[in-house]
Amino acid sequence: MNRLCCLVVFYVLTLGGMVYGAEIHVSPEGSDENPGTGAAPVRTLVKARDLARAARRAEPNHPIQILLHPGIYRVSKTVVFTREDSGTAEAPLTIRAWKDPQHPDDWPKLVGGVVVDNWRPSDFRTQTMAADAGPVYEADLKPLGVDGKFRQLFLDGTRQVWARYPNIDPARPYSGGWAYVDGERMPMYNDVDGEPTDTVVMRDQDMRRWSRPTDGEVCIFPRYNWWNRIEKIKQFDPASRTITLTRGMPYAARPKDRYAVFGMKEELDVPGEWCQDVESQKVYFLPPRSLDGAVVTVPTVDTIVQFDKASHIVMRGLEFSCAEKQAIILSHCEQVVIEKSLIHDLGYFSGAGITIRQGHHCTVRGCDLWNLGGHGVAVYAGDTVKMDKSNHVVDNCYIHHVGQFNRHGIGLMLHSCGVKLSHNLIHDMPRCGVFYGGVLNTLEYNRIRHCNLEMEDTGLTYGGGWTGGWTTIRYNHCTDSIGFNNHGKFFVFAWGIYLDESGCGYDVYGNIVERCQVGAMHLHNARENHIYNNIFAENGCSDPDPKRFGSTRQMSLQGWTDDPNGKFLSDREPKMLKAYNRLVENPEWKKMRGMSVPPKQTILPDGTVMRGNRIERNIFYYPKQPKSDYIRISNCNLRANTIDHNILWNGGQQPIYTGFKGYKQVVSDKTASIPHRDFPAAADQLIQQDASQTAAQGWYWYQKQFPEMQSQVVALDGGQHALRITAAHNPKQKYIQYAAVRSERFAFEPGKDYRLSLKLLPQEAGGRISVQLVSETNGLWRALGTEYVKVRNGEPAACELAFHYPTEGEKDYDKRLGDLMILIQFRSETGTLEISDLKLEEVLPASEWEAWQQAGGDVHSVVADPMFVDAEQGDFRLKPNSPALKLGFEPIPFDKIGPYEDDARATWPIREAEGVREHPEWLQDVSIDE
C-alpha cells in the first residue's frame, strides 16, 4: 500500500454504498515523472492508464478515476485500453474531465496530430491562383517525423480544403464544385458488358496538366447516385484525358457522373487550400487568414483512443479532433460508456466519430459529433443467426454535418442485432440520418431532419434486405428529406422512412414524417411490415412549383414480380436463399413474422411478391398540395396487403388521387370506333409492301423488327377472328425487346372516360402481357392506360383497363395528345399469343378514390380533417373531437422526442448549427446536361 500511495492519490470511503478509490490527475503541464496527484499530475493519458493498471492490481475492488485537466493533449500513438484496464460494475474505471473552477468552460482536448509550426513564405504559385490570393506558405515535415501521406489539415481545429479541381463553390456547397465524366449520358440501370471500372475520362474543358498525377485521388459518384468513392490515381493519359485508378470500383464511372480531383499541387489556388509533397516531406498552405498565433495540425494517428476487450469503463467530458479515421473505437467490449464528449473535425473516408465492433451493453450517450469525414456513430455488433443481441445504446446525441468525404457517411450507421438508437438529433447529412442493417434493433424518439443533400433513392431512415428487419421504428420526428440526383437537381427521390429490398417484420408506429420530397414512406418489395398510428404530414413538399418538385405522393409500394427477365428478383434470389438458409439454422427464426415463407414460396398467384404489409390507423395530411397522389402502387396485390382504417385529408377541395382508374356504369358502346377490331386478314400484296404489316389488316408490328416474329389470323367459334403472334426476344434492343403489335390510331373524345376489354390466350408461354392505350404524336409518348396480365399457359385471360382522355385544364392534359393506338407486348421468349374480342365502352368514371376502394384499398378509411391543434405551427396534437381518435389513433408522446436535458449531455440547451434550413439558397440546381 505504501508503494501505491507514492504513485497515486488513493483513499477509501463509503458514501451511499459506493466505494471510491484511486484518482490519477493528468495535465498538459504535468510530467510523466510525477505521481499523478492533483498537485503533481502526469502529462499523458498513456501514463495515467499505466498508473491505473497498477492501482487496479493493488485494489481490484475499488473504483479508479483518471481526471484530465483542461488543455490540449497531443496523441502521437493510439491510446489503447485492454482487458487489463477493465473495472467491474461496482468498481469501474472512469476517464473524465476535471473542471477547473477558474475556467469551467474549458475542455480537455485529445488531438490526434502534430503541430506544424515551421511555416515560411514560399515562392510557389499556380497558374490559376488569383493575384491577390496572398502568399503560399510551406513547412518542412522532416523535423516532425511525418513521412506518410495525410489527407487532412486543420487550422485552429477546423478542417481546411485539400487542394482540388474544381474548386469548392461557396454559393452551392453541395451541387457546385464538380467536374463531369466525358460522353453522352446512358440509363443508370442499363448494364454494359466489359465496362471498365477503373477509369475516369475528363471532358475537354476540364483538361489539366499535372506534374505528378499519382499524387492525386479522385472523389467520384460512379453510375448510381447512392454513394461515392475516393480512389488513388495510377496514371493519367493527357492525350485521351483518361485517369486510371489504382483499383477498380464496384461500378463504372459513366458519362455525366460528377467527380473532383484532390491533392494535386497545381490545384492549390484558393485561400484555405493545402497540399502535400510526400516525397520531399513538405506541406504547402494558402491560408485564409494570417498564421500569426494560429495553430496548424495534421493527423498522425488513425484512431485516438481504442478500447479492446475492455469492460466497465466510463469516458466522460472529453473533446476529440484531428485523426485520420476516428476518435474512438470499441472492439469486443462490455459495459463501456462514452458520454458527454465533443467529437469533431476528424476522419477521412473510412471510420466514424465513434465505432463499436461486437461486444455487449456499451453506450454512447450525450455526445456532440460534427464535421466528420465518415459516419457519426457506427455500430457493427451482435449475431443475427443466433439472435444474440448486442444491447448497445446510442442515446441523446447531437450529430450534424458528417460524411464530408464519404458521402455515404451516415449520422448513425447500424449493422447489428439488438441495438437501440434513441433521443438523438441528426441533421445536414449527405445521405441518411440513420442507416439500419441487421435485425431486432430499435429506433425511437429521434429527431432527424434535412438529410439526403447529395444522394437520391434514399430516406431519412433507411434499411432492408431479405434478412434485414424485425426492427421497431417508433416515435421519431422525421422532416425535410431533400434528395439530389445525378442530373444536378435537388428535391428528388428522397423519402422519410424507406424499407428496401424485401425488408421484413418492421413495426413502424407513432412517427411524425413531414416535408419529405416524394413521400413519407417507400416500401420496396417489403413484406410483413406493420405501419400504424403515424402522422404523415405535407409530404410531397408544399412548394407548388411542379418544375421544382415533380410528381409526388404520400406513400409508395413498389414490388417485384416473377418475370424471368425481371432484374431485381433474378439478381437477388441466390443471395436471398443463402441468407434465409443461414437464419433458419436457428429454429427460433421460423417463429418471426414472415420467416415461415421461404423466398421461393413468396410469389403470389398473380406473380407479385409483396405480402403481409399492414398500413392502418395512420393520418395522411397534405392540404397544401391537394393534387399530390395519396399513394403509388406498383406490382403490389392489394388483396395480399392491407391498407385501411386511415384518415386522409388533402384540404377537401380536390378528389383524392390514387392513380387507380375505374367506372360506375357503362354510358355507351364505342366498339365500332376501333378500326379492324375483328382482325381481317391482310392481302399478301399489302404485307409485301409494308414490312411492319402483320397478318391482320390495320395491325402492325411496333417499332422493332425481329426476324423470328410471325403472325396469322385464326378463325374462332361464332365467326370471329383472332390475331396470333409468335414470341420473339432481342435483349439488345433498347426499349421494345419482345414481340409487340399495335392497332391503327383512332380518335377519342377529350374529357371522356373509357374502358377497353379484350381476351388473351397464351400457349407454351411465360412472362407477362402488357396492354396499353398510347399516344405517340408530336414528340410525345404517353400511355393513358396500362394493364399487365400474368401468363398462365393455355388459360384464356380477360383484360380490361379503364382510362380518361384528358381535356384542357385537367391534371394530365398535354396539347400534344392525339389519337391513340392499342399497344400489346407479348413478354415471352416462347409460345404464341392470341388476341381477340376487342370491346370499347364509354363509361361513367369512378373517382380515383372510388376506384382505389373498389380495388380493396382503404375500404373503411375516412376522408376528413384530423383536427390538429395547430398544424401550421407544427403542433400535431389532436383535438378531443378528432375523427382519428374515433378510429383508434393513439396520441403520440411529442414531448419525449429528441434530446433531453441530462447531466451526461455535452451541451445544453443545444444550439443547432446552421445548415440548409437556415440557408435554403444553398440548394441550387446545376446544369449538367447543357
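**Exercise 1. The second largest pocket**

What volume does the second largest pocket have? Work out which residues and elements line this pocket, too.

*Solution.* Keep in mind from the start that this is a predicted model.
- Step 1: the volume of the second largest pocket is about 1000 Å³.
- Step 2: its lining is made up of 36 residues, and those nearest the centre are Arg159, Val161, Ile168, Pro173 and Gln404.
- Step 3: two or more lining residues come from each of β12 (158–159) and β13 (161–162).
- Step 4: sorted by class, the lining holds 17 nonpolar residues, 10 polar ones and nine charged ones.

**Exercise 2. Where to trust the coordinates**

Find out what the average pLDDT of the protein is, and over which residues the pLDDT is under 50.

*Solution.*
- Step 1: the average pLDDT is 92, and 96% of the residues reach at least 70.
- Step 2: over residues 1–20 the pLDDT stays under 50, although the model gives this stretch 41 contacts beyond four places in sequence.
- Step 3: residues 546–550 also have a pLDDT below 50, with seven contacts beyond near neighbours in sequence.
- Step 4: low pLDDT is a reason not to read predicted coordinates in detail.

**Exercise 3. The overall build**

Decide whether the radius of gyration agrees with that of a compact globule, then describe the fold in numbers.

*Solution.*
- Step 1: a compact globule of 930 residues would have a radius of gyration near 30 Å; the protein has 32 Å, so the two agree.
- Step 2: along the principal axes, the C-alpha atoms fill a box of roughly 115 × 70 × 50 Å.
- Step 3: the secondary structure comprises seven helices and 70 strands.
- Step 4: of the 930 residues, 58% are buried.
- Step 5: take the contacts with a separation of 6 or more; 72% of them join residues 24 or more positions apart.

**Exercise 4. The enclosed spaces**

How many cavities of 30 Å³ or more does the structure hold, and which residues line the largest cavity?

*Solution.*
- Step 1: there are four cavities of 30 Å³ or more.
- Step 2: the largest cavity has a volume of about 50 Å³.
- Step 3: its lining consists of Arg185, Met186, Met188, Arg223, Arg254, Pro255, Asp257 and Asn486.
- Step 4: by class, this lining has four charged, three nonpolar and one polar residue.

**Exercise 5. Two cis peptide bonds**

Locate the cis peptide bonds that involve proline 166 and proline 909.

*Solution.*
- Step 1: tyrosine 165 and proline 166 are joined by a cis peptide bond with omega about -10°. Proline 166 sits in the loop between β14 (164–165) and β15 (179–180).
- Step 2: another cis peptide bond links tryptophan 908 to proline 909, where omega is about -5°. Proline 909 belongs to the segment after α7 (883–886).

**Exercise 6. Positive phi outside glycine**

Place glutamine 281 and aspartate 837 in the structure, and say for each: buried, partly exposed or exposed?

*Solution.*
- Step 1: glutamine 281 has a phi near 55°, a positive value in a residue other than glycine. Its place is the loop between β21 (273–277) and β22 (282–286).
- Step 2: the relative accessible area of glutamine 281 is 18%, so this residue is under the 20% cut-off and counts as buried.
- Step 3: aspartate 837, likewise not a glycine, has a positive phi near 55°. Aspartate 837 lies within strand β67 (residues 832–845).
- Step 4: aspartate 837 counts as partly exposed because its relative accessibility is 33%, between the cut-offs of 20% and 50%.

Definitions and conventions
Residues are numbered from 1 along each chain as its sequence is written. This is a predicted model: local features need pLDDT of at least 70, side-chain atom pairs count only at pLDDT 80 or more; totals for chains, interfaces and linings use all residues. Side-chain values use heavy atoms; hydrogens and water are left out. On a 1 Å grid over the protein atoms alone, a cavity is a set of points where a 1.4 Å probe fits but cannot get out, and a pocket is an open set with protein on both sides within 12 Å along at least five of seven lines; lining residues have an atom within 4 Å of a point. Grid points are joined across faces, edges and corners, and a volume is the space filled by probe spheres set on the points. Helices (H or I, at least four residues) and strands (E, at least two) are DSSP runs, numbered from the N terminus. Ala, Val, Leu, Ile, Met, Phe, Trp, Tyr, Cys and Pro count as nonpolar, Asp, Glu, Lys and Arg as charged, and the others, Gly among them, as polar. pLDDT is the predictor's confidence in each residue, from 0 to 100. Contact means heavy atoms within 4.5 Å. The radius of gyration is taken over C-alpha atoms; the globule rule is 2.2 Å times the number of residues to the power 0.38. Buried means under 20% relative accessible area, exposed over 50%, partly exposed in between (1.4 Å probe, protein chains only).
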